[in-house]
Every structure is written in structure tokens, then in C-alpha cells.
Amino acid sequence: MRLLSAGIGLSFAFLLATGAVAQPQATGPAPAIAQPAATAAPPNSGTHPLTAADLDAYFDGFIPLAIGRGNIAGAEVVVVKDGQVLFEKGYGFSDMKTRKTVDPETTLFRPGSISKLFTWTSVMQLVEQHKLDLDADVNRYLDFKVPHTWGKPVTLRDLMTHTPGFEETIKNLLATDPKAMEALGPGLKAWVPEEMFVPGTTPAYSNYGASLAGYIVQRVSGEPFEQYVAKHILEPLGMTHSTFVQPLPAALARDMSQGYDTASGEPKPFELVWMRPAGALSTTAGDIAKFMIAYLNGGEYNGARILKPQTIALMHSEIYQRDPRVPGMGLGFYHEDTNGHVIVGHGGDTIVFHSDLHLIPDAHVGFYYSQNSAGKDNSGVRGPLFQGFMDRYFPAPAAAPEPTLTSAKADGARVAGIYDASRRSDSNFFRIAAQQTKVSLNDDGTISLNDSNGLNGEPRKWREIKPFVWRDVNSKLMLIATLHNGEVSEIASDGYPQIVTLTRSSFWNSSAWNQPLMIATLAMLLLTVLFWPIKAILRWRYSSPFPLKGRAATVYRLTRVVAVIDLMFLGGYFGALAYGSAHLDFFSASSDWLFTLLQILGVAGVVGMLIPLYEVWIAFASVRPWWTKATDVLIAQACLSIAWFAFTLNLVNFNFNY
């Protein structure tokens, strides 16, 4: 089970969180906006001066080499400080065929989920106008109902902290044909995702939740979402090369960068995002610079104000914090506190574009990087680039050496195991694609995670420095375990935002035994199907008669038919999900026929499971060689396993909302 990664929309490689929830509540009729206590801005204590010349040396020494090795076509970066653009540059090409270079002022990239920051800005504008209440039931603003599954309403505060409890949604997320694009309202009404968790209690990053907020903006303002953002954010800030409109207007389309899996491959079609408020923005580094300056300058840029200073301060404060040892969530912004500095920001990913935005409010600095290719092995340029930036210009104070604890192996053994990510689907067949993280104890007492690799592509090694606190031996990142009743229940990292939790998986749900069982099941079914005609050919070649007659012969043949059905059923799911992970437009209503067929095959296989069981009974009731009986038992076991997976992974519940 859990054989496929669910790396869609957001980069899923290791997002962790733990602990308890604390959310401030609105008081009185005024909007829920309060001014946090001011903090003194520390000076820039970097070993290098934060100047345009030094940034040019740093980025020129890093980005060309990184994108070249990563097979990335092009990238753009901008740094702002004290209300001005300090550094801005494009690297590589926006079109490999024509060799058109990236211009950070005019070349449009797709920043993915960074689009959500514009959605949250829109929400807070309406909060300032007393048209929205962060703590009211969202149903007050909708023309359909979000169920109170747990007896508690979903609020805008829940949406902005990614705690509405919704399961993951994939269907219709991306398209390449404009005719396949649903309108925002009807699409959201068609299916409200299941609430897996009580609202306000558990972080589970949600594109649907952000889109719901955008639809509320549309309904309350009376303006289509794309027009609202253009009129109230893009135009005031002078972001003339930015839009949420899809497909792009002709005036901007000519400046749109191509998107690539790798620079050496063919360009991909323009990705149409149905959940527009969650990720439909097209923009340039130059325009993003204006947005960052506005947020660093109390909501004002070049005389235009998009938000009040106290609203900005609230959005940047820690509204949701599951564990005080781990950076929390603001309103829409997640904390990435590094080297003693408070940092708020957001990442964004489509299939081909990958971007990060970071704000360092105490230094009045903003940093934005975007690349137009996934790159070889999903090259991880963004994280090391920004960490290098922080270490160069805002280094952490010197710290005393941290000894390895004598309890390292014992504690490592206690934390080892399989963990579930809260961002997943449970009510439908996409449960098979839910991510699980495996924590392993190494021989030297360190621990490793199967989905957390270093720059060398190898799993990081984490050394215990405090009881149930580990640090990556090659970086400053920490892992923190939470214990419940003496057992490790969750793990978190201070290097990742609290938008997803990792909790220990139950035994029945664990890939530790489900995955080997599934591999063995598929192998047994495949061998059964392959050897059926091979044995028939060999009997024909050597004129050997078929040894079974009558009912026994019929059951033998029907058992092989069931094996064919089961192999088509489970193999078909894996094939469809593997293809769809690289072509997200495949996950749409146009593919419902295929998943209907697969589920019909699944029902046939589950019912047909009785036939191989009957085959086992016949085998043991007659005189047959022991190896024949053993083979019959293994085939029956494989068919029983198919039934187990069909029900536990919801592969046959005929729910086509996913």
C-alpha cells in the first residue's frame, strides 16, 4: 500500500508538524485584526555585505551551475530591501528552441501556490471592510453548504491556516484544454471533500480550502475572482505583467515562458488551473518584487495601499502552532524561521514551474526565486539557494558543539516506523496514492527518512542531540518527536512549515507489510497468468494431455481467469495513477469511464475470489503433488489479498470524486 507519491500541487517531500493548537478569536463586531508587540530589527550581521555586487557574485556562482546540472531551462531571482529592488536577474532560457533568454521584468512564470497569497490578501481586504469575519461559519458567505461533519463549522481562519480538515483533491486540478475548464462556483459545489479532521485542529494543506476562500471573495465583492485581484491588488501595485486570467490575454501570452520537465525535453502545454485562487497566477520576478515590498512596507507600495499595517502584522504572526518548537502558520503565510530570524513565505509548484517567496520582516528583505523546469530528478535548487543566502547574509550565531546522546540507538529504535501524512485522500480510490514516510535506524545510531534527501541525493542522517531531538549531520535542520503515553506519535522538523502532520501509521495501514504483500501479490498473479499459456504450449509441444477433467478442469481454468481479472484491476490502477502523476489533466471526468471499468473488474475479482478457494479445496481433497497444492494456495492467497486491497484502499466504492 502507499506505493505512489502524491506529489501534486505542493512539493510533498517531507512536510511535518506536531503538538497543540492555539488560535486567537475575534472579539466584538470589528474585524479580527490586532497589532502584535513590536520587535526590534536586528542588524545585518552577515559575513558578506547585502549589496547588489555581492548578490551578483553569489547568484552567478550558484544558479548557472545548479540549473545546468539539474537540466533546468531557465530561472529568475529578485531580492528587495528597504522598499527597493536590490537585485534582479534572469538565467537561462524561456524557450529552448528559439534560445529566448529569461527577462525578469517581462518573462512570465507560473508561481503555483504563491498565488494563494493574493487570495489571502483579497480576503483580508474584505475583513478590513467588515464584509468578512475570520471566525464566522463559511456557509454564511456561500450558496451551498459545507457540512458540519464534526459538529463544528469551517471558518476563514481555518482556511487560511490550512486546518479546515478537508481531504486532498486532485480531480480537475489541472487541464490543458480551455474547454475542459469548469467555472469556479460549479466546480466547488460539485463535491465538497470529506472532512477527515475536526476543523481548526489538524494541518492538512488544501487547494480546495484556498479556492473556497477565493469563491467567497467573488461572492461578497460581486466581482469575478480574477477581476477582483486585478482591480484591488495587481493594478494598484503596478503589476502590469501579472494575471489570473486563463488562457493568457494575447498581450501577455507572447512573454510567457515555456515550461519543461527537463531542458533537454519538449515544452509542456500551458497548465490551466481550475482552482484559480489556489494557483492560477502568471507573473514576473519584477512584479513579485512590488508585492513583496508592499508586504514589507506595511501594505503600501509607491503610494498605493493594499492592506493596513496591523493587518500585515497579523498575517505574519503565528496564528496556528501545533508545537512551540516548530515554526507555525500565519494567516496564509507559513513561518520558515531561520538563523534566528522570523521568516514568512510560501512555496509554489505546478508540474513544471517551481518557486519560493520568502520575507524577512525584521531586515526589510524579500527573496523570490522561480524556475521553469522540474529538472533532472526534480532538482532541489530552491532550498539550498535560500539557505546559502541566509548563511551568507544572515548567519546564525556560533553555537557550542552538540554531543551525540548515549540514548541515540534506543531512542532511534523508538522513533523508527511508518508515518502517515495528513494531506491525503481517504474516502476514494486515491487512498492508494497517499504518502507514507519511513523512519529507519542506522547502524551508527543516526536515523534516516526515506523521503528526505540531502544535496548528494542520499537520505539525510539525523543525529540525536537532545532526548528525541535530532539534527541533520550536514545542516542545521532538526527533527523533533512527540511522545504520547510513552510512545512516539508524531515527528516534525523546524525546517518545514506546519501545513501537514506526520503521525505514526496503524499496523493495518502500514506499508511495512502492505507493500511487500502487494508486490508479492502482483508477482504471483503475473506468474500465474504467464505460465497458463506457457504450460499449454509445452503440453502441446510434447503431446502431454491435460491432467484434469470435468469440474476440476473448469475450476482450474476459471481460477486463471480470476487471476487475469485481478491483475488487470490492480495493474490498471497503478498504470493509470503513474500516467496521471505526470499528466494531471488525465485526472478529470473524461477518465471516469476507465476508473469505472477498473472498479467493475475489482468487483468481479472479489466475487471470483471464491473460485481459487474452491480450487484449493479440490486440490487437498484429491491426490496431487505437493507443489501443485502449494501453487494453488499461493494463487488463492493472492486473490484474497486483492480483496483486502480493494476494500481497505476504497478501490471498489464507486466514488469518482477524488
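**Figure 1. Arg541 over the ring of Tyr542.** A charge sits over a ring if NZ of Lys or CZ of Arg is within 6 Å of the ring centre and within 35 degrees of the ring normal. In this predicted model, the charged end of Arg541 fits that description, sitting over the ring of Tyr542 at 5.3 Å from its centre. Arg99 does the same with Phe93, its charged end being 4.1 Å from the ring centre.

**Figure 2. The whole chain, for orientation.** Before zooming in further, here's the overall picture. The chain has 17 helices and 21 strands. Its radius of gyration is 27 Å, close to the 26 Å that the globule rule gives for 658 residues, so the chain is as compact as a globular protein of that length. The C-alpha trace spans about 90 × 60 × 60 Å along its principal axes, and 56% of the 658 residues count as buried.

**Figure 3. A nonpolar patch on the surface.** Tyr542 turns up again here, together with Leu526, Leu527, Leu530, Phe531, Ile534 and Leu538, as part of a nonpolar surface patch. Together these residues put about 680 Å² of accessible area on show. Leu538 belongs to helix H13, which covers residues 511-541. With 46% relative accessibility, Leu538 counts as partly exposed.

**Figure 4. Tyr58 meets Tyr393, edge-to-face.** The whole structure contains 41 aromatic pairs, and this view picks out one of them. The ring centres of Tyr58 and Tyr393 are 6.4 Å apart and their planes are at 90°, so this is an edge-to-face pair. It links distant parts of the chain: Tyr58 is in helix H1 (residues 52-69) and Tyr393 in helix H11 (residues 382-393), 335 residues apart. Tyr58 is buried at 10% relative accessibility, and Tyr393 is buried too, at 0%. Zoom out a little and both belong to a cluster linked by ring pairs, along with Phe59, Phe62, Phe87, Phe367, Phe386, Phe389 and Phe394.

**Figure 5. A tryptophan pair.** Trp626 and Trp627 also pair edge-to-face, with 5.9 Å from centre to centre and 85° between the planes. Are these two rings on buried or exposed residues? Trp626 is exposed, with a relative accessible area of 65%, and Trp627 is exposed as well, at 52%.

**Figure 6. Arg382 and Asp349 in a buried salt bridge.** The structure holds 24 salt bridges. In this one, the side chains of Arg382 and Asp349 come together at 3.0 Å, N to O. Arg382 lies in helix H11 and Asp349 in strand S11 (residues 344-349), so the bridge ties together parts that are 33 residues apart in sequence. Arg382 counts as buried at 16% relative accessibility, and so does Asp349 at 10%.

**Figure 7. Glu402 and Arg471 across the chain.** These side chains meet in a salt bridge of 2.7 Å, N to O. Glu402 sits in the loop between H11 and helix H12 (408-415), while Arg471 is in strand S18 (residues 469-472), and the two are 69 residues apart. Glu402 is partly exposed, at 28% relative accessible area.

**Figure 8. Sequence neighbours Lys81 and Asp82.** Here the closest N and O atoms of the salt bridge are 3.7 Å apart. Asp82 is partly exposed at 48% relative accessible area, and Lys81 is partly exposed at 24%.

Methods: Residues numbered from 1 in each chain as written. Predicted model: local features only at pLDDT ≥ 70, side-chain atom pairs only at ≥ 80, totals over all residues. Heavy atoms only, no water. Patch = residues over 30% accessible without salt bridge, like charges linked within 9 Å, V, L, I, M, F, W, Y side chains within 5 Å. Areas by Shrake-Rupley, 256 points an atom, 1.4 Å probe, with all protein chains shown as cover. Salt bridge = Lys/Arg side-chain N within 4 Å of Asp/Glu carboxyl O. Helix = DSSP H or I, 4+ residues; strand = E, 2+ residues; numbered from the N terminus. Buried < 20%, exposed > 50% of the residue type's maximum accessible area, 1.4 Å probe, protein only. Phe/Tyr/Trp six-rings, centres within 6.5 Å; stacked < 30°, edge-to-face > 60°. Rg over C-alpha atoms; globule rule 2.2 N^0.38 Å.
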